[in-house]
Amino acid sequence: IQKKNAHVQVADFILQEALEANYFNILTLIIQNQNFPTEFLLRIAAKAGALTLEVLLENQIQLIAYPEIMEKMEANPGCGPFIRGRIKELREFYFQSKVAEAIPEAEVLEELTTAIADDQKEDVQLDAKKIQQAAISTLQRINCMSISERVRLALTGNKTERLVLIKDANKMVQAAVLDSPKM
């Protein structure tokens, strides 16, 4: 359960057994392993006890990236007033504003252009103008995202997207880049 390369089917079996028997320690280890699918967290949120839900609350990056986990937690009969209050705080802070603070073009354009150029296949070299347009397009797309969308992209995005997101003013987005399983 603690290994980065743990077999997902074996972990799924262990998760099912841990949920049925309410094994707090095993559920905690599953929550802490960033390499398991989000589906595991959704199942834990729906079925686990209050103590396990509190551990799940500590994983704010996943909760912001996948708000459906919070919905499952609220539907769980073990969800008490403390957990509901923390979920409300997370929603108020991270989901109220539509678009997050823009990442300045000057901060990332040169690095982003270089990264895109390096990622190009040798047989399909783009000219400098097209590379710069791709960099600007990536930056514009990210600047239109909410904090929640940026956190999710930080966890699942490619190298160039993470390169932009690490410069985000929001510390939660930066932490999500560092927590990405692709790092």
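**Core contacts, charged pairs and cysteines**

Q: What does Ile-44 touch, not counting residues up to four places away in sequence?
A: Ile-44 touches Leu-15, Leu-19, Leu-27, Ile-30, Ile-31, Thr-52, Leu-53, Leu-56 and Asn-76. Touching, or contact, means heavy atoms within 4.5 Å.

A quick word on the model: it is predicted, so local features need pLDDT of at least 70 and side-chain atom pairs count only at pLDDT 80 or more, while totals for chains, interfaces and linings use all residues. Residues are numbered from 1 along each chain as its sequence is written, and side-chain values use heavy atoms, leaving out hydrogens and water.

Q: Which residues touch the most other members of the largest nonpolar core?
A: Those are Ile-44, Leu-56, Ile-69, Met-73 and Val-151, in a core of 54 residues. A nonpolar core is a set of buried Ala, Val, Leu, Ile, Met, Phe, Trp, Tyr and Cys residues joined through side-chain atoms within 4.5 Å.

Q: What makes Arg-43 and Asp-12 a salt bridge?
A: The rule asks for a side-chain nitrogen of Lys or Arg within 4 Å of a carboxyl oxygen of Asp or Glu. Here the N to O distance is 2.3 Å, so the pair fits. The two sit 31 residues apart, with Arg-43 in helix α3 (residues 38-47) and Asp-12 in helix α1 (residues 8-21). Helices are DSSP runs (H or I, at least four residues), numbered from the N terminus.

Q: Why is Arg-43 called buried?
A: Buried means under 20% relative accessible area, exposed over 50%, and partly exposed in between (1.4 Å probe, protein chains only). Arg-43 has 16%, so it counts as buried. Its partner Asp-12 has 30%, so Asp-12 is partly exposed.

Q: How do you know that Lys-88 and Glu-92 meet in a salt bridge?
A: Their N to O distance is 4.0 Å, and that meets the salt-bridge rule. Being 4 residues apart in helix α7, they are separated by about one helical turn. Lys-88 is exposed at 53%, whereas Glu-92 is partly exposed at 43%.

Q: How many salt bridges does the structure hold?
A: The structure holds 7. Another one of them joins Glu-74 and Arg-91, with the closest N and O atoms 2.9 Å apart.

Q: How many disulfides are there?
A: A disulfide is a pair of cysteine sulfur atoms within 2.5 Å, and by that rule the count is 0.

Q: Is Cys-144 buried or exposed?
A: Cys-144 has 59% relative accessibility, so it counts as exposed. Cys-79, at 7%, is buried.
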